[in-house]
Number of protein chains: 2
Amino acid sequence: MDSALEIQKPHDQLAAFLSDDMVAVNALIRDRMASEHAPRIPEVTAHLVEAGGKRLRPMMTLAAAHMCGYDGPFHVHLAATVEFIHTATLLHDDVVDESGQRRGRPTANLLWDNKSSVLVGDYLFSRSFQLMVETGSLRVLDILANASATIAEGEVLQLTAAQDLATTEAIYLQVVRGKTAALFSAATEVGGVIAGADDATVQALYDYGDALGVSFQIVDDLLDYQGQAAATGKNIGDDFRERKLTLPVIKAIALADAEERAFWQRTIEKGVQEDGDLDHALTLLNTHGTLAATRDDALAWAEKGKAALDGLPDHPVKQMLIDLADYVVDRVN
Amino acid sequence: MDSALEIQKPHDQLAAFLSDDMVAVNALIRDRMASEHAPRIPEVTAHLVEAGGKRLRPMMTLAAAHMCGYDGPFHVHLAATVEFIHTATLLHDDVVDESGQRRGRPTANLLWDNKSSVLVGDYLFSRSFQLMVETGSLRVLDILANASATIAEGEVLQLTAAQDLATTEAIYLQVVRGKTAALFSAATEVGGVIAGADDATVQALYDYGDALGVSFQIVDDLLDYQGQAAATGKNIGDDFRERKLTLPVIKAIALADAEERAFWQRTIEKGVQEDGDLDHALTLLNTHGTLAATRDDALAWAEKGKAALDGLPDHPVKQMLIDLADYVVDRVN
């Protein structure tokens with residue numbers, strides 16, 4: 001893509017605006033992922049931390065702190081905290097999903113082993129914990145402890161709910177909060193808290209992060225059925241083949257007749273899949289209009305995120321966050 | 001064993017003295033391991049938490065708080081915290097070790113799957129984090145964050161150092177601190193801190209927990225070569241078969257001639273083991289007197305633990321902790 005166009009993307013605007021802070025965040029991450037005695041730790045971590053992710057979550061913390069006029073040092077600690085938690089969950093997710101690839105590169109569990117992924121994930125989680133304690137804010141610790149519990153509970157829930165046709169949209173939303181939104185909302189919320197923002201502002205930041213995270217995950221799940229492999233790094237139908245009940249399918253099951261229900265039972269619950277099943281699934285999603293309905297949900301969440309920021313004073317970062325919410329759903333619009 | 005004799009064991013004395021508190025700890029554990037939405041969580045956790053462990057670690061926290069005259073509610077939170085951290089590490093350890101049994105029962109990774117063990121471990125860790133935040137003590141959070149990092153680093157170190165003949169006694173000690181002593185020392189230390197004890201007392205409690213944990217683990221590693229399966233629940237030579245470099249072998253390698261070194265390289269580094277190798281290993285350990293030397297180390301650590309308590313005022317619990325240090329090494333004396 002043209003680099004002049006590229007710079008227009010909201011996350012690139014954020015990265016440019018926050019570049020000094022992000023240098024500090026990256027230095028802190030490198031410093032704290034070191035281990036004097038266990039070289040396996042920085043090896044595994046570097047593989048993941050330096051794999052060129054967008055660093056969207058730490059930028060959320062920095063952005064929120066800036067919008068609230070913070071001029072202390074601890075937003076950098078919290079941004080690194082959030083990235084460490086994210087990296088730790090990726091390491092454990094890859095073990096749970098038995099993944100072989102992430103962001104187009106082999107996963108740590110494949111390059112090393114599951115043991116290293118589990119234990120280095122634990123190490124990063126404990127390092128994130130040390131970083132947040134350094135801020136000296138019990139309120140920040142409370143927020144991040146609750147977010148960690150939501151994340152872990154959502155992951156277990158996904159494990160048990162994934163192949164259960166009784167899974168409702170409410171349960172899906174809870175899984176999505178665990179997988180994605182809980183860390184986004186904690187990231188923006190702690191940015192406001194560390195800056196000493198008032199309760200209404202902190203709530204607005206939480207609501208924005210939550211809605212952004214939910215729309216982000218819904219779009220991701222939608223792209224699994226209608227994206228282009230080149231753009232998403234995923235193949236169409238991965239979730240179907242892995243028997244993951246995501247929103248388009250949950251909506252289709254709610255509208256299914258007996259024959260369609262039998263199809264979902266065979267392919268998702270029992271995991272008996274044949275050639276042509278994915279095409280048939282796509283036909284059912286289109287017949288019932290659930291891809292369009294899922295897109296509408298993603299758009300509504302993005303609007304909710306933007307609306308949350310309405311009451312906040314003007315700030316260059318505010319517009320970037322509004323644009324980011326639009327950009328997330330533009331991928332499917 | 002005769003129940004009249006049984007009650008003389010120091011951990012039974014502690015359990016009797018702390019029984020009211022332990023009722024509260026167990027109630028808090030049951031309350032916090034619940035999950036409204038993910039029933040897999042209490043299933044897995046109950047399997048482990050209610051498997052009849054001695055609850056030695058939470059008792060350490062309660063004992064330290066009592067010795068320091070604490071009369072608030074938070075020692076119960078911290079005791080539950082310590083047990084949750086312990087349970088989380090057991091769940092992850094069983095995945096890493098690919099264990100099939102713990103305390104004579106099938107492990108969670110066998111009953112459910114590795115995924116559940118990883119994610120429920122994460123959940124318990126996040127629940128422990130919430131519990132400690134509730135105490136409102138940043139110093140407690142700092143201690144437990146540092147202990148978590150030591151535990152995780154020690155686990156990774158063990159993964160990479162286990163089969164490396166260059167492993168020194170210093171590295172072994174660090175692994176032991178991670179595996180065992182870091183949680184014991186944090187358990188006793190936070191008991192003193194929550195009670196507002198002075199620095200010298202807090203240091204003494206830390207030193208006691210650290211020394212008790214180190215002696216406990218050295219004894220465990222020694223029993224692997226000279227214990228009775230019925231008493232330990234382990235088979236003689238498990239560590240040898242699993243190619244774990246523990247203190248008796250590290251000492252024997254330091255004294256090995258060329259031929260002996262080749263034997264350790266083949267059996268531990270390369271993992272090529274034949275009938276009779278365990279017997280030959282035991283002969284080498286006895287020839288060089290390293291089982292006796294390891295026992296002497298365990299005794300010295302127990303003495304160090306007892307000496308740490310010297311300066312503390314008399315208290316019924318103080319004598320139980322002294323007796324506990326003796327009891328731990330009595331298993332090999």
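**Figure 1. Asp238(B) and Arg241(B) in helix α13 of chain B, in a predicted model.** Asp238(B) and Arg241(B) stand 3 residues apart in helix α13 (residues 238-241), so about one helical turn separates them. Their side chains form a salt bridge, with an N to O distance of 3.2 Å. Asp238(B) is buried, because its relative accessible area of 17% is under 20%. Arg241(B) has a relative accessible area of 43% and is partly exposed.

**Figure 2. Salt bridge between Glu169(B) and Lys251(B).** The side chains of these two residues meet at 3.3 Å, N to O. Glu169(B) belongs to helix α10 (residues 169-194) and Lys251(B) to helix α14 (residues 247-254), so the pair ties together parts of chain B that are 82 residues apart in sequence. Lys251(B) counts as buried at 13% relative accessibility, whereas Glu169(B), at 37%, is partly exposed.

**Figure 3. Salt bridge between Lys306(A) and Asp326(A).** The N to O distance between the two side chains is 2.7 Å. Lys306(A) comes from helix α17 (residues 290-308) of chain A and Asp326(A) from helix α18 (residues 316-330), so this salt bridge joins parts 20 residues apart in sequence. Lys306(A) is buried, with 16% relative accessible area. Asp326(A), with 26%, is partly exposed. Over all chains, the structure holds 30 salt bridges.

**Figure 4. Surroundings of Arg32(A).** Arg32(A) sits in helix α3 (residues 19-32) of chain A and counts as buried, with a relative accessibility of 16%. Together with Asp31(A) and Glu134(A), Arg32(A) takes part in a network of salt bridges. Apart from neighbours within four places in sequence, Arg32(A) contacts Phe84(A), Tyr123(A), Arg127(A), Leu131(A) and Glu134(A). Glu134(A) thus appears both among these contacts and in the salt-bridge network, because the two lists name this residue.

**Figure 5. Chain A and its relation to chain B.** Chain A has 18 helices and 2 strands. Of its 333 residues, 56% count as buried. The accessible surface of chain A comes to about 13,200 Å², and carbon and sulfur atoms account for 49% of this area. Among contacts in chain A between residues at least 6 apart in sequence, 74% join residues at least 24 apart. A turn of 180 degrees, with a shift of 0.0 Å along the axis, lays chain A on chain B with an RMSD of 0.0 Å. The two copies are therefore related as by a two-fold rotation axis. Both copies use the same surface, as 100% of the contact residues of chain A recur in chain B.

Conventions. Residues numbered from 1 in each chain as written. Chains lettered and ligands numbered in written order. Predicted model: local features only at pLDDT ≥ 70, side-chain atom pairs only at ≥ 80, totals over all residues. Heavy atoms only, no water. Least-squares fit on C-alpha atoms with pLDDT ≥ 70 in both. Contact = heavy atoms within 4.5 Å. Helix = DSSP H or I, 4+ residues; strand = E, 2+ residues; numbered from the N terminus. Buried < 20%, exposed > 50% of the residue type's maximum accessible area, 1.4 Å probe, protein only. Areas by Shrake-Rupley, 256 points an atom, 1.4 Å probe, with all protein chains shown as cover. Salt bridge = Lys/Arg side-chain N within 4 Å of Asp/Glu carboxyl O.
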